[in-house]
Amino acid sequence: MSEAAIEVENLVKVYKEKSPHPVRALDGLNLTVKNGEIFGLLGRNGAGKTTLLRILTTLIQATAGKATLLGMDVNRDALEVRKKLCVVLQENAVDIFLSVWDNFATYGRFHSIPTKEIPRRTEHVIEQFELSDYINQKVIDLSGGLKRRVQVAKVFMVDKPIVFLDEATTGMDPINKRATIDAIRDQAKRGRTIFLTTHILEEAEDLCDTVAIIDHGKCVATGDVPTIKSLVSNAFDIALIFETLTNETIQNCRSCPC
Ligand SMILES: Nc1ncnc2c1ncn2[C@@H]1O[C@H](COP(=O)(O)OP(=O)(O)OP(=O)(O)O)[C@@H](O)[C@H]1O
Ligand SMILES: [Mg+2]
C-alpha cells in the first residue's frame with residue numbers, strides 16, 4: 001500500500017464560476033497525509049478547510065487539480081473512495097426525530113454492519129461518549145452540545161481506514177471535548193488515518209502528528225507541531241487602541257514597517 005493515505009496536487013475550487021463574483025476557495029493546494037497519522041488542517045474562517053474536506057469526501061468536485069485517497073482518484077473512483085471513509089461534517093447531520101439509540105442503529109445499518117453486531121457497537125460508543133442517560137431521548141430534545149456529541153460518536157461505530165472530522169469538538173464542553181479527543185486517539189492507535197480541521201492550535205498540538213496551515217486556499221506551512229510553532233515563535237499580533245487619533249499618529253502608523 002502507498003505510504004500516503006491522501007494526496008492533493010494543485011487543487012483548485014472556484015465557487016460561482018460563471019457569476020460576476022467567483023469565489024476561489026482553493027487556489028492550487030498541495031498536501032500529503034501519511035497512512036495512520038492524525039493530520040490537522042488549521043486555518044481561519046473562510047480559509048478553505050471545509051471545501052477541501054468536501055472534495056476529499058466526494059461531496060463536491062474540484063475545479064482543477066487532483067486528489068487521491070489510498071491511491072484512488074476522488075472524482076473518477078468516487079464510489080470506491082466512499083467505502084473507505086467516514087465523515088463528521090461541520091453542519092449537524094443527525095436524524096433529530098429519532099432517539100439517540102436509533103440514530104446509532106440506523107447509521108450502523110446504513111454502513112452494512114451486521115444486525116447482530118449493531119447493539120454491541122452502539123453500547124460501546126454510548127459508553128465511550130457518556131450518552132447512556134440519553135439513549136431513549138429524541139435528538140431534537142437534546143442540547144446543541146449533546147446533538148454534536150451524537151453526531152461525532154456515530155462515526156466511531158464503523159471501521160473505515162480514513163476518518164474525516166470537520167471541527168468535531170465545536171460546541172462541546174471540556175469534558176466532552178476530552179472524550180472526543182480520546183476516541184480520536186483510540187482510532188489512530190488502531191491504524192486509522194484521521195484528517196481533522198480546527199481553529200484551535202492547542203487542540204492540534206494535543207492530537208496531531210502533522211499540521212498544515214491553510215490560508216486563502218493555499219497551504220502556507222506544514223510539519224509537526226514544534227516545527228509549526230517555531231515558524232511563528234517570533235511573530236506577534238499587536239493591537240493598539242487609541243482614545244483619539246491625531247494626523248501625526250495616523251501617519252506614524254502608516255509608515256510602520258510591520
Ligand atoms: N457553496 C458555496 N458557494 C459559494 N462560496 C462558498 C461556498 N462554500 C464556501 N464558499 C466560500 O469559500 C471560501 C472557503 O469556505 P470554507 O467553508 O471552505 O472555509 P473554512 O475554512 O471551512 O471556514 P470555517 O472555519 O468558517 O468553517 C469562503 O470564502 C466561503 O464563503
Ligand atoms: Mg469550515
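**Note on the predicted model**

1. Of the chain's 258 residues, 34% count as buried. The model under review is predicted. Its C-alpha trace spans about 75 × 45 × 40 Å along the principal axes.

2. The chain holds nine helices and 10 strands. Among contacts between residues at least 6 apart in sequence, 66% join residues at least 24 apart.

3. One open sheet consists of six strands in the order E6-E7-E8-E3-E9-E10, and its pairing is mixed. Strand E6 (85-88) and strand E10 (218-223) are the edge strands, each pairing on one side only. From one strand to the next, the twist averages 15°.

4. Within this six-strand sheet, strand E7 (residues 162-166) and strand E8 (residues 193-198) run parallel and are joined by five bridges. Phe164 has Phe195 in E8 as its bridge partner. Helix H1 (residues 49-56) packs on the sheet, where it touches strand E3 (38-42), E7, E8 and strand E9 (210-215). The direction of H1 makes about 150° with that of E7.

5. A further helix, H5 (residues 144-155), lies across E6 and E7. Relative to E6, H5 runs at about 170°. E7 is thus a point of reference for two helices, since H1 touches E7 and H5 lies across E7.

6. A second open sheet has four strands, ordered E2-E1-E4-E5, with antiparallel pairing. Strand E2 (23-34) and strand E5 (72-73) stand at its edges with a single partner strand each, so one side of each has no neighbour in the sheet. In general, the strands of a sheet pair through backbone hydrogen bonds, in either a parallel or an antiparallel manner.

7. In the four-strand sheet, strand E1 (residues 4-15) runs antiparallel to strand E4 (residues 64-69), and five bridges join them. Ile6 stands opposite Leu69 in E4.

8. Which residues come nearest to ligand 1? They are Tyr15, Ala25, Asn45, Thr50 and Thr51, out of 13 residues around the ligand. E2 and H1 each supply at least two residues of the shell around ligand 1. With three residues, H1 gives the most to this shell. The helix that packs on the six-strand sheet is therefore also a contributor to the ligand shell.

9. By class, the shell around ligand 1 comprises four nonpolar, seven polar and two charged residues.

Methods. Residues numbered from 1 in each chain as written. Chains lettered and ligands numbered in written order. Predicted model: local features only at pLDDT ≥ 70, side-chain atom pairs only at ≥ 80, totals over all residues. Pairing = 2+ DSSP bridges. Axes fitted to C-alpha atoms, helices over the stretch in contact; angles between N-to-C directions. Contact = placed C-beta atoms within 7 Å. Buried ≥ 20, exposed ≤ 12 C-beta atoms within 10 Å, placed from the backbone. Near = placed C-beta within 6 Å. Nonpolar A, V, L, I, M, F, W, Y, C, P; charged D, E, K, R; others polar.
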